[in-house]
Amino acid sequence: MVFVSVAYPGASPEAAEAELTRPIELALNGIAGVKMIRSNSLEGRSETAVEFELSADMNRAVQDVRDKVSAVQPGFPRDAKPPFISRFDGDNAQPVVFLSLLAPDRSARELSLLADQTVRKRLERVGGVARVQVVGLTVRQVRIDLDPQRLRAYQLTPADIAAALQRANTDVPVGLMSNAREDAIIRVEGKVRDAKAFGETVVAQRGPLTLKLADLGELVEREREPDSLSRVDGQPAVSFQVFKQQDANIVETGDGIQAAVDELRRTLPPGVELRLVHADSEWVKSSLDGVKRTLVEGALLTVAIVFLFLHSWRSTVITGLTLPIAVISSFIAVYAFGFTLNFMTMMALSLCIGLLIDDAIVVRENIVRHVALGADHHTAAREGTDEIGLAVLATTLAICAVFVPVAFMKGIVGKFFFPFGITVTVAVLVSLFVSFTLDPMLSSVWKDPPGARLARWPVIGTLMRATDRAMDLLHAVYERLIRWIFSARSWPLFLPVPTLGEAWRQRRLGALRLRSARITPRGIVVGIGVGSFVAALALTPLVGSEFIPETDNSHIQMNVRMPVGISLERASDKLRQVEEIVRAVPEVKMVSTNVGEGAFSGGGRNQASLSIQLSKPKERRRSQKELEGVIREALRPIPGIQLALGQRPIYVALLGPDPQVLEAEVQRLADKVARIPGITDLETSVTPGLPAYAVRLRPDAARELGLTPTQLAASLRAFVNGDVATYWTAPDGEQVEVELRLPRTQRENVAQLDQLPVAYARDGTPIALGRVAEIVPVVNPEVIKRQDLQRRQAIYAGVQGRPSGDVSAEVRKLVRETQLPPGYRFDVGGQSKEQAEAFTGVLMALGAAVVFIYIVLASQFASFLQPLAIMASLPLSLIGVMLALLVTRSTLNLFSMIGLVMLMGLVTKNAILLVDFANQARRSGLSVPEALLQAGLVRMRPIVMTTAAMVFGMLPLALALNEGGEIQAPMGRAIIGGVITSTLLTLVVVPVLYSYLVRGPGPRCCRPAAVPASPAPARSARR
């Protein structure tokens, strides 16, 4: 995004729109790659933001914008300032660090001097800092309070005084004087050294009378009238809002700012405090540290699960070596691709930590099984790896097939998850390599010694025996269940059905007749599987949706809007009421308030922002979202304020030509949106304009006196707003404004302007403003908003008590049902639009992942039908996903959807192990039911081990015990729920579907004697 700002002092929003905004928009609209153009025309300036497509080259785009603006700049008004053009994105548009400078025992002037000359300059030198915005400064000023009566008596205007000051307060170079020995520079010095000396400046000569500045008004050195204020916990302060540069690392920038703050604290005078209000970098660092802890905790839990099942510390070491090797190898890939160890790459490793060890578990368990059957370690390592190799390769390639489309998703989501997909893919490929090379090699040479020492340990031995008993029970239950499923039982349904199969076999319609339908155990199992999928779809509306999970970062940003035209003093009093109520909340640690120009709220004196710092989540019972509701309700009784706490995900813009129609339609839509449950902090961009008056020069006065609007405006500007005539260089080097202005008591209402002298007749008679012009009240909008070359009005709203995605869906439905006049249209943006785009991309990636999985499985198993049985585990996982999200009160968001995509690769693992072994058993001569029973009994242990490893490896992620864990927790919860239910259902549903899809003897052949006893789990001596 590129931002263009042009200052136009004194211009109304209408003038800024007509003379600046429209020409700029028309010029920028022709640039290639432009996605959207938005603009604001305000009092005295024009702001235009150009959003480009993600595929656009931003360096070239910025240059194109500069070229287009330069082309139209000659047509700008003469008083317009040079355009300011910069590139920024959403992150860089927000401050990353909030600081405040307090000194109870020092004056506002002293505090401001320290803030401007010391703190600001030091912060601006920090690497990665783009700019530092200061709020609440008290600016030094030399002001001349003009006396209108004396000006009238001596026939002078403010322009005459300003010209005299400029002539007097200047140094003029003369030249260089040289001789044979040296050179010397000569200049005429006229700069005023002492501010009081301005009073001696000669302004005019009236006969023998010399008029000095002191004769025409009162000269005083004082502070400029404030246009903003800042407080921290009710104490006056100067606040700093630090913005980072484009593409700067937020953590490195934050560390640099923290180092600068520590340095400043050592050098500031006693009694002056530089307080850190909030730093986004601290939250990012805490979140990243939390993900690192989650990674370690998941690895330890995964290794513990492996030990409980294998009962051998040597087997655990052989299997667990995969984790550090895969993780460290992924670091190499992260470096090679130009990524960093950021939140996404670390979350990818944390999420797949239980997955990385799966291949090694399956290979090692199969080797141990062959050893238990009597093979030597070398033979067991070779034959065990060969036997399981196809299944392990298929499972790993299925996971890679899932993440290839995720890594190359389009849009901002694709940019976001590209490091995630690459990291996971590289890690699982390395784990596959290790499981096929290092693990068999170690298994062949590092034998398990005899003895059962670990089994005699009190706690460990008990857990090991409990694990064996649980596995024995699972084997017994599963064997009985499979025998029942493939038994010859059936039950009538009392539902007549045609004998289509018999008629097809005989190739004649005469064989078609009705018979009573019956259901077999296999039909019941298929019905349960289909029912689970239908139930998952039915639960989806109950789960709710949102774009990004809300996080508790212990910081609430609250914007307050007050009536237009409110004075700074009255706004300050109103904000004191707000501050007292907010500080009364026990969980609030600090409140920083900024009011007026330069505040983070971005508006004038009627807007303020409060930065509310909360205690850490572990130190309080109520969540940040609950506290936002508490604060909102506590402030509701205060009249005349509009609140906006936190983010407002609802944004709907209305575009069209007529401003009045836009205002009416937007207000009508806002009334309907307000009735949607969950809507809060509703606000429209339709606001009353500032109280304004137009001074209209009479035509006869213009003809007789030669008075122009420009001359009239110059005189009035000096009287009302002040006119900076020159600058005084203070002894400390500071450039101080010298301003001409009326005393405050003489410019409090518009009636006082009528008697001001604005011109003089030829005979010297003063002419008051009321004689040459009339002052009439006019409508002056606060801001004119535009989008895509059209006028724009919009509504903004927050969400409370419901998932934002559900509320957004109702808003979008309301928008679709609203009928607009011809030439008008809605544009739904904000998080609602981002969520729709992200979910569409994820669903497309999900569809591509399913296709890729089928291609991989079909090539691995050389069959078009067997992959269908394996992929039946995909829909079986959905019921677990929905139940897990519903129980944990999570939502369907971007991260849980990515978890769902990842789940598609994970849940096929168990089905692949079953089908691969069943194929081997059938090739050895077993029937389909016998092969499936043996596959289930033999593969039960690795299936349970890998499932437990994945569940416990992701458990720390799902619990979200660390700061910022709310973001990735839905991903872990979705995967855990899906893996558990998919494992349970896959063990029974996949065999049934396999029996339908492959050719072989029917279910009646499943005889007890036909199924060989499953080898007992390896329980050789361990140490």
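# Thr593, two sheets and their helices

Q: Why does Thr593 count as buried?
A: In this predicted model, Thr593 has a relative accessibility of 0%. Buried means under 20% relative accessible area, so Thr593 counts as buried.

Q: Which residues does Thr593 touch, not counting those up to four places away in sequence?
A: Thr593 lies in strand E20, residues 588-596. Thr593 is in contact with Leu229, Ser230 and Arg231, with Leu575 and Glu579, and with Ser609 and Leu610.

Q: What is the order of the open sheet of six strands, and how are they paired?
A: The order is E14-E13-E20-E21-E19-E22, and the pairing is antiparallel.

Q: Why do strands E14 and E22 stand at the edges?
A: E14 (235-236) and E22 (642-645) each have a single partner strand, so one side of each is left without a neighbour in the sheet.

Q: How do you know that strands E19 and E21 are joined, and how do they run?
A: Two strands pair if at least two bridges are found between them. Strand E19 (residues 555-561) and strand E21 (residues 607-614) have seven bridges, so they count as a pair, and they run antiparallel. Among the bridges is the one in which Arg561 has Gln607 of E21 as its partner.

Q: Which strands does helix H19 touch where it packs on the sheet?
A: Helix H19 (residues 568-583) touches strand E13 (228-232), E19, E20 and E21. The direction of H19 makes about 165 degrees with that of E20. Angles over 145 degrees count as roughly antiparallel, so H19 and E20 are roughly antiparallel in direction.

Q: What angle does helix H20 make with E19?
A: Helix H20 (residues 624-635) packs on the sheet as well, touching E19, E21 and E22, and its direction makes about 25 degrees with that of E19. Angles under 35 degrees count as roughly parallel, so H20 and E19 are roughly parallel in direction.

Q: Why are H19 and H20 called oblique to each other?
A: Their axes come within 10 Å and cross at roughly 135 degrees. An angle counts as oblique if it is not under 35, not over 145 and not from 65 to 115 degrees. The value of roughly 135 degrees falls in none of those ranges, so H19 and H20 are oblique to each other. Their crossing is right-handed.

Q: What makes the contact between H19 and H20?
A: On H19 the residues are Val578, Ile581 and Val582, and on H20 they are Ile631, Ala634 and Leu635.

Q: Why are H14 and H30 described as oblique to each other?
A: Helix H14 (residues 411-436) and helix H30 (residues 894-906) pack at about 50 degrees, with their axes 13 Å apart. That angle lies between the limit of 35 degrees for roughly parallel and the start of roughly perpendicular at 65, so H14 and H30 are oblique. H14 passes H30 in a right-handed crossing. Val413, Phe416, Phe417 and Phe420 of H14 meet Leu894, Phe895 and Ile898 of H30.

Q: Why is one side of strand E6 and of strand E16 left without a neighbour in the sheet?
A: The open sheet of four strands has the order E6-E15-E5-E16, with antiparallel pairing. E6 (129-135) and E16 (273-279) stand at its edges with a single partner strand each, so one side of each has no neighbour in the sheet. From one strand to the next, the twist averages 20 degrees.

Q: How many bridges join strand E5 to strand E15?
A: Five bridges join E5 (residues 97-102) to E15 (residues 238-244). At least two are needed for a pair, so E5 and E15 count as paired, and they run antiparallel. Val97 stands opposite Val242 in E15. Helix H3 (residues 108-124) packs on the sheet, touching E5, E6, E15 and E16, and its direction makes about 15 degrees with that of E15.

Q: What lies between strands E26 and E27 in their hairpin?
A: There are five residues between E26 and E27, and Gly733 in the turn has a positive phi of about 90 degrees. Strand E26 (residues 723-729) and strand E27 (residues 735-741) pair in the antiparallel sense over six bridges. In E27, Val736 is the bridge partner of Trp728.

Q: Which elements of the protein have the lowest and the highest mean pLDDT?
A: Helix H17 (residues 500-506) has the lowest, 65, and helix H29 (residues 878-887) the highest, 94. The protein averages a pLDDT of 86, and 94% of the residues score at least 70.

Terms used. Residues numbered from 1 in each chain as written. Predicted model: local features only at pLDDT ≥ 70, side-chain atom pairs only at ≥ 80, totals over all residues. Heavy atoms only, no water. Axes fitted to C-alpha atoms, helices over the stretch in contact; angles between N-to-C directions. Contact = heavy atoms within 4.5 Å. pLDDT = per-residue confidence, 0-100. Buried < 20%, exposed > 50% of the residue type's maximum accessible area, 1.4 Å probe, protein only. Left-handed = near helix turned anticlockwise from the far one by under 90°.
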